[in-house]
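Open the model in your viewer and keep the sequence panel visible. This tour says what to select at each stop and what is there.

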Amino acid sequence: MSDPIAFSNRLKVTFQDIGNDDIGLYERSDDISTVAYWYQTEPHSPFRSFLARADRLPR
């Protein structure tokens, strides 16, 4: 990892997606995705099942 961000409990990140087309700045419509990794200690309880895909979509 070339740019690690250390945190203990919480991390909040805000993205502002702005483009430049040589005329001016504009708000881009790119899709931004996130992923989270964590270190799990063993033993642990079984994880809950994922919600159905339709119930997980934010749109």
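The stops below cover a group of charged side chains and then a patch on the surface.

This is a predicted model, in which local features need pLDDT of at least 70 and side-chain atom pairs count only at pLDDT 80 or more, while totals for chains, interfaces and linings use all residues. Residues are numbered from 1 along each chain as its sequence is written, and side-chain values use heavy atoms, with hydrogens and water left out.

Select Arg-28 and Asp-17. They form a salt bridge (a side-chain nitrogen of Lys or Arg within 4 Å of a carboxyl oxygen of Asp or Glu), with the closest N and O atoms 3.8 Å apart. The pair links distant parts of the chain: Asp-17 lies in the segment before E1, and Arg-28, eleven residues apart from it, in the loop between strand E2 (25–27) and helix H1 (53–56). Helices (H or I, at least four residues) and strands (E, at least two) are DSSP runs, numbered from the N terminus.

Add Asp-30 to the selection. Arg-28 also forms a salt bridge with Asp-30, at 2.6 Å between the closest N and O atoms. Shared partners join Asp-17, Arg-28 and Asp-30 into one network. A search of the whole structure finds two salt bridges.

Next, select Ile-5, in the segment before strand E1 (18–20). Is Ile-5 buried or exposed? Its relative accessibility is 56%, so Ile-5 counts as exposed; buried means under 20% relative accessible area, exposed over 50%, and partly exposed in between (1.4 Å probe, protein chains only).
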